[in-house]
Every structure is written in C-alpha cells, then in structure tokens.
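Here are some notes for a colleague who is meeting this structure for the first time. Please read them with the structure open beside you.

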Amino acid sequence: MSRSVLVTGGNRGIGLAIARAFADAGDKVAITYRSGEPPAALTELGCLAVRCDITDPEQVEQAYKEIEEAHGTVEVLVANAGVTKDQLLMRMSEEDFTSVVDTNLTGTFRVVKRANRGMLRAKRGRVVLISSVVGLLGSAGQANYAASKAGLVGFARSLARELGSRNITFNVVAPGFVDTDMTKALTDDQRANIVAQVPLGRYAKPEEIAAAVRFLASDDASYITGAVIPVDGGLGMGH
Ligand code: NDP
C-alpha cells in the first residue's frame, strides 16, 4: 500500500537516501528542503519537494498544507533535518546553543506536533526521529548538538507513552558517523581517529541509515515503539 511519507531535510545526505528508499518501495514521498534547489533525481523519483525552514512555525504549517493537498495525511514522518555548530563550551555563544536546539529539537517538535493531528484522525502513524550516537555518548565540542539529540530520545519516549493507544509509534534512529556533507567538514586526522573507534572500521553509507528507518516504518516493526536503534558500526555498543 502506498503511504504518504514526509522526510524533513530530504534534499541531501541521509534524508535524501531515506526519501529514495521510501520512493523505491512505492510510497508517496514529500521532502522538505531549506535552501538551494532540490536535486533533479528527487523529481525523477516522483517526490514532492517543499521549501520549509523548520525553525519557522508558519513555514511548517504551509508545508503540511501543500503536502496534504498533494498526498493526503502524512502517515509516516521522518524528522531528519539537523545542524551542527561545534564549539568548546568556553567559546560557545548563546546563539550557537539555542540555534542548534531550535533546529534539532524544537524544529522536530514542530513537525511532529503538526503530523500528529492527521495521525490521530487516521488512527495510525509512524514517526522516526534521527538522533545521533553523540546524543548518547556525548562528544567534546558538541554539547549543543549532543543535548539536542539526547532530547529527542526523551521526546520520542514520552510520545510513545502518550500516543501508543492511538496506534502511533515513535522511534529513534541513532546513526554513527555517516558519509555526508555534515562529516565532510572533519579533517583527515579526525576521520582516521573516528574510524579507529568504530568496530566495523568505516563510516556508514546514508543508505544503511535509510534501511533502519524503513524497517521502523514497516509492518514488520508494528510492535516497536519508544526504541532507540543504533546504526553506528558498533561505536556505541548498543548504548
Ligand atoms: P546534511 O548536513 O547533509 O543535511 C542536513 C539536512 O537538514 C539538509 O537537508 C538541510 O537543509 C536540513 N536542515 C538543516 N537545518 C534546517 C532547517 N532549519 N529547516 C529545514 N531543514 C534544515 O546532514 P546529514 O544528512 O549528515 O544529517 C541528517 C541528520 O542525521 C541530521 O539530523 C544529523 O544530525 C543526523 N546525523 C548525521 C550524522 C552524520 O555522520 N552525517 C551522524 C548522526 C546523525 P539545507 O540543504 O537547506 O541546508
């Protein structure tokens, strides 16, 4: 059955791989992008691309209206959009902290809250939040990012309790290091150090994160909610 799927930040990196995975499986996929133009590959796959900055509640509302008109109620939401602004605590400004939390945690709250309306009416829904191994292990220089990603776990688990009886599941995928623009900023030394700590000895491909997300949104995962699934090459050892 073809479902209405929304992937935030689906224009590149992990989000793009997730959008592809759902589209390849025959779902009706909408993605949001914040800047630039969405890649042509998405249009070829039949995905709807909607411009939306998740830090702006009005843009979130507008995006949902557009998506609902085209694809109907969102049945699967993948809250993937996220940013980093790394800095040691001593040099971390108020803005460095709040802007990361506003995108990664409060932005996720905005898109989940809006999706919930339709899911309640439909009496079903799947929500997958993209956290990070860093949210559970911590990371020097990423206190803002780690706090926002750890916050997603409490958020998802609270909603799993609040809305389980309504047949809506909330799960978290915690990727390790993935080959995307976000990690391209790291130096060769930093990359080598990271890989040395990963039992599987390499970065993840975005498609490997997408596979776990698709599983959590599938019928095979109908009894899974409030879970945190690490896809990190063993880095967190299951946390
Ligand atoms: P990228 O930097 O490649 O992509 C980030 C995506 O988020 C882009 O689509 C970007 O849009 C979007 N985005 C950022 N801010 C906003 C905003 N305010 N409103 C709407 N969209 C926004 O990152 P990745 O693909 O690597 O990461 C995707 C998710 O996975 C993130 O949540 C990240 O924290 C998480 N993650 C990544 C890991 C990695 O190693 N790469 C590891 C663990 C977790 P735009 O193109 O317009 O900037």
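1. The expected span of a helix is taken as 1.5 Å times one less than its number of residues. The model discussed here is a predicted one, and in it the 21 residues of H6 should span 30 Å, which agrees with the 30 Å that separates its end C-alpha atoms.

2. Helix H6, made of residues 143-163, lies across strand S5 (125-130), S6 and S7, and runs at about 160° to S6. Its buried residues are Asn 144, Tyr 145, Ala 146, Ser 148, Lys 149, Leu 152, Ala 156 and Leu 159, and what covers them includes helix H4 (94-122), S5, helix H5 (133-137) and S6.

3. The sheet is open and has seven strands, which pair in parallel and follow the order S3-S2-S1-S4-S5-S6-S7. Strand S3 (48-51) and strand S7 (228-231) stand at the edges, and because each has a single partner strand, one side of each is left without a neighbour in the sheet. From one strand to the next, the twist averages 20°.

4. At the S7 edge, strand S6 (residues 168-175) pairs with S7 in the parallel sense over four bridges, and Val 172 has Val 228 of S7 as its bridge partner.

5. Around the ligand there are 30 residues, of which Gly 9, Gly 13, Arg 34, Gly 82 and Thr 180 come nearest. Helix H1 (13-24), strand S2 (28-33), H4 and helix H7 (181-184) each supply at least two residues of this shell, which by class holds 11 nonpolar, 15 polar and four charged residues.

Technical notes. Residues are numbered from 1 along each chain as its sequence is written. This is a predicted model: local features need pLDDT of at least 70, side-chain atom pairs count only at pLDDT 80 or more; totals for chains, interfaces and linings use all residues. Two strands pair if DSSP finds at least two bridges between them. Axes are lines fitted to C-alpha atoms, for helices over the stretch in contact, and angles run from 0 to 180 degrees between N-to-C directions. Two residues are in contact if their C-beta atoms, placed from the backbone, lie within 7 Å. A residue is buried if 20 or more other C-beta atoms lie within 10 Å of its own, exposed if 12 or fewer, and partly exposed in between; C-beta atoms are placed from the backbone. A residue is near a molecule or strand if its C-beta atom, placed from the backbone, lies within 6 Å of it. Ala, Val, Leu, Ile, Met, Phe, Trp, Tyr, Cys and Pro count as nonpolar, Asp, Glu, Lys and Arg as charged, and the others, Gly among them, as polar.
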